[in-house]
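This report describes the architecture of a multi-chain assembly and the way its parts fit together. The sequence and coordinates are shown first, and the discussion follows.

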Amino acid sequence: MMALARRIGAGLRGTLVDVGAATRLLFTLLARSPRALGRFVLVREQVFYLGNRSLSIIGVSGLFVGFVLALQGYYTLQRYGSAEAVGMLVALSLVRELGPVVTALLFAGRAGTSLTAEIGLMKAGEQLTAMEMMAVDPVQRVLAPRFWGGFIAMPLLAAVFSAVGIIGGWLVAVPLIGIDAGAFWSQMQGGVDIWSDVGNGVIKSLVFGLTATFVALLQGYTCKPTPEGVSAATTRTVVLSSLAVLGLDFMLTATMFSI
Amino acid sequence: MQSSRHDAWVGLFVLIGGAALLFLALKAGNLLSLNFDETYQVSARFDNIGGLKPRAAVKSAGVVIGRVESISFDDKTFQAKVTINLNKGALFPKDSSAKILTAGLLGEQYIGLEPGADEKNLVAGDVIRQTQSAVVLENLIGQFINSKASDMGSTTPASGSKP
Amino acid sequence: MAPFVPARPRPDCVTSPANAPLIELRDVSCGYGDRVVLDGVNLKLERGQVLALIGTSGGGKTTVLRLLGRQLRPLSGQVLFDGQDLAPLDLAGLYAVRRRMGMLFQFGALFTDLSVFENVAFPLREHTDLSEAMIRDLVLMKLNAVGLRGARDLMPSEVSGGMARRVALARAIALDPDLVLYDEPFAGLDPISLGVAARLIRDLNDALGLTSVIVSHDLHETFGIADRVAMIANGRVVAQGTPDELRHSDDPLVRQFVGAEADGPVRFHQPARPVAEDFGVAP
């Protein structure tokens, strides 16, 4: 009994220490960011590795999600004679929720794990220590550009996801099912508001981008410098990022779309 | 500034992302009404617009001849003021009537324009006088119940008791 | 080759007189958690000399290197570089000191996403404002000094272990440091690369007026190029002197180490139960 309580206490304390260390890293990251952003080449490189390289998976996923939304939406809506509202259904689902959230989950899986593995392996290969011994701060040189690269890439990826999804929905709804194109677009344009829907979706994708990228960087930077350590860290990245994104999504949705 | 060999691709990516955002804003959202035909504006007042939304269609004989531009509340007459953009080629007499109709049982609502008999046509800035509001389901049900009750009341006067 | 010490101004740090030791450990104790690794260690190294640190595994040799670069802080005592105590330095001061050091890690620690050229250019790009042409010339000179000018466009994954270490050496001397620290530079090298590495360490030390500290197990090569040797065991400096002095030492631990004897003060058998108990043999 006492042993269990002791273990729980130690676990809690360990978690507190981890959270504290993570917060300290975040603040260091932000403090070093102006200098890091000054060397914008590094950030652009990271936008390429995190953004461009994720475009194919985001685009294809967005297309299929759009297809499915249109199909499922049509089956349900046409029972009430509201089949033309499928455009609005697809657009709102994507722009408000699925665009930011699914993109963040895919991003965590693809770009997040590659970040964690890269930094973990750099740590294991003593590259980060070598950098420190060369009087170069690894947080500024390695972590900060990747952080801002992810921050820039995520909302763009989410926008591409939503846009491709809407086009996918159009492909299924209009040529395939035969819904009137004008009704499709006009219902959508009537139902989707640029500020409260698209704007909030963009804010969500920014928050998710920050979160997913930071979790990935943190896990890589603090992992055990062994093969097992790196592998455990990549798994933790996916799990933690996904949970964080979904939790934040709930909080943001409740704040944004409640009234 | 140093250049990286990936710069062109990054630029392309940012452009694609920007285009996607623009697409979402314009095509999916209501930032612009992308109407390429020349239009003239008229307005109509309704007691109840029901579920009419901006960008809804304005049809006559089933053909789309315009779009709803905006809907506002007139607090002097306590009516809804609907501004309509009609295509330049669609000319209607001044005494045309506008009704709010529904496409399907729970479908999108649109304005149906029926021509009148006046010699003079509507021009920009005119107000359509004859309007019929949208059908509100609750009122319909209320009417139905009342008419049923009065039917029952008139056929069985002895046993009927007015509610 | 004759030693050559260039006269250069050092604007950043406090400088001690030219004949004072470049590095000094005064009564240093250091440990990780509860484990004390070094206890009351005293070491000095004059400029231009090569010091070899030898000793049993886990005895504290690499800890000394980490103390010199201030990757670790001592629990007590002082670590002095060029007369300056490293402990109270802030980050800017620490980085200024580290720019005067180069460190060679055990497997090179090259940046795997950069080519050989870019790896050597890294310190120059980070710390100087030199033009691309100048950087190119400097990098090629450093690569030439280690014999790898022709490998400039290869990636770290495409070079052998010995070559990777030579590239790391070129990177370590890119900014012309005063002190170079070598962490097991000879581990896992074939005989040719071993000879090359030892020659390079000694020649560069003399040609560039460096001071070097080598942590190594390879006594033959190390004794061949070192000016002074210090043996660290059980957290203390058990012997210090020239390679010859250690070869002819009377200390049993030093004799066992230098003579590579299996049993001596460092026991062969791990403490265990008596043989009779484990094998059921009647005593």
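## A central strand of chain C

Leu51(C) stands opposite Arg228(C), a residue of strand S9(C). The model is a predicted one, and this pair is a suitable point of entry to the sheet of chain C. Strand S3 (residues 50-54) of chain C and S9(C) run parallel and are joined by four bridges. S9(C) is also joined to strand S10 (residues 236-241) of chain C, in this case by five bridges and in the antiparallel sense. Within that second pairing, Met231(C) stands opposite Ala239(C), and Val229(C) has Gly241(C) as its bridge partner. S9(C) and S10(C) form a hairpin with two residues between them. In the turn, Asn234(C) has a positive phi of about 55 degrees.

The three pairings of strands for which bridge counts are discussed in this report are collected here.

| Strand pair | Bridges | Direction |
|---|---|---|
| S3(C) and S9(C) | four bridges | parallel |
| S9(C) and S10(C) | five bridges | antiparallel |
| S5(B) and S6(B) | six bridges | antiparallel |

Is S9(C) enclosed or open to its surroundings? Six of the six residues of this strand (residues 228-233) are buried, so S9(C) is largely enclosed by the rest of the structure. The burial applies to both faces: Arg228(C), Ala230(C) and Ile232(C) are buried on one side, and Val229(C), Met231(C) and Ala233(C) are buried on the other. In a regular strand, side chains alternate between the two faces of the sheet.

The wider sheet of chain C is open and consists of six strands in the order S6-S7-S8-S3-S9-S10, with mixed pairing. Its edge strands are S6 (101-104) and S10 of chain C, each of which pairs on one side only. From one strand to the next, the twist averages 15 degrees. Helix H1 (residues 61-68) of chain C packs on this sheet, where it touches S3, S7 (179-183), S8 (211-215) and S9 of chain C. The direction of H1(C) makes about 145 degrees with that of S8(C). Helix H5 (residues 161-172) of chain C lies across S6 and S7 of chain C and runs at about 170 degrees to S6(C).

## The sheet of chain B

Chain B contains an open sheet of eight strands, ordered S7-S1-S4-S3-S2-S6-S5-S8, and its pairing is mixed. Strands S7 (127-128) and S8 (130-132) of chain B stand at the edges with a single partner strand each, so one side of each has no neighbour in the sheet. Further inside the order, six bridges join S5 (residues 97-102) of chain B to S6 (residues 109-114) of chain B, and the two run antiparallel. In this pairing Lys99(B) stands opposite Gly112(B) of S6(B).

## The helices of chain A

Chain A has nine helices and zero strands. Its C-alpha atoms fill a box of roughly 65 × 55 × 35 Å along the principal axes. Of the 259 residues in chain A, 51% are buried. Among contacts in chain A between residues at least 6 apart in sequence, 87% join residues at least 24 apart.

Helix H1 (residues 2-38) of chain A packs against H6(A) at an angle of about 90 degrees, with the axes 9 Å apart. That angle makes H1(A) roughly perpendicular to H6(A). Residues of H1(A) in this contact include Thr28(A), Leu29(A) and Arg32(A), while those of H6(A) include Val139(A), Phe147(A) and Trp148(A). By class, the contact of H1(A) with H6(A) has nine nonpolar, three polar and two charged residues.

Helix H8 (residues 194-221) of chain A has 28 residues, which at 1.5 Å a residue should span 40 Å; its end C-alpha atoms are 39 Å apart, which agrees. H8(A) is mostly covered, with 20 of its 28 residues buried.

## Contacts between chains

Which pair of chains has the most contacts among the two pairs that touch? It is the pair of chains A and B. This contact takes 34 residues from chain A and 32 residues from chain B. On the side of chain A, helices H2 (40-50), H4 (86-124), H6 (138-177), H7 (181-191) and H8 each supply at least two residues. H7(A) gives the most, with eight residues. The side of chain A that touches chain B divides into 19 nonpolar, ten polar and five charged residues.

Chain A also meets chain C, with nine residues of chain A in contact with 14 residues of chain C. The side of chain A in that contact has five nonpolar, three polar and one charged residues. No contact joins chains B and C, and their closest C-alpha atoms lie 10 Å apart.

Key: Residues are numbered from 1 along each chain as its sequence is written. Chains are lettered from A and ligands numbered from 1 in the order in which they are written. This is a predicted model: local features need pLDDT of at least 70, side-chain atom pairs count only at pLDDT 80 or more; totals for chains, interfaces and linings use all residues. The expected span of a helix is 1.5 Å times one less than its number of residues. A residue is buried if 20 or more other C-beta atoms lie within 10 Å of its own, exposed if 12 or fewer, and partly exposed in between; C-beta atoms are placed from the backbone. Two residues are in contact if their C-beta atoms, placed from the backbone, lie within 7 Å. Ala, Val, Leu, Ile, Met, Phe, Trp, Tyr, Cys and Pro count as nonpolar, Asp, Glu, Lys and Arg as charged, and the others, Gly among them, as polar. Axes are lines fitted to C-alpha atoms, for helices over the stretch in contact, and angles run from 0 to 180 degrees between N-to-C directions. Angles under 35 degrees count as roughly parallel, over 145 as roughly antiparallel, 65 to 115 as roughly perpendicular and the rest as oblique. Two strands pair if DSSP finds at least two bridges between them.
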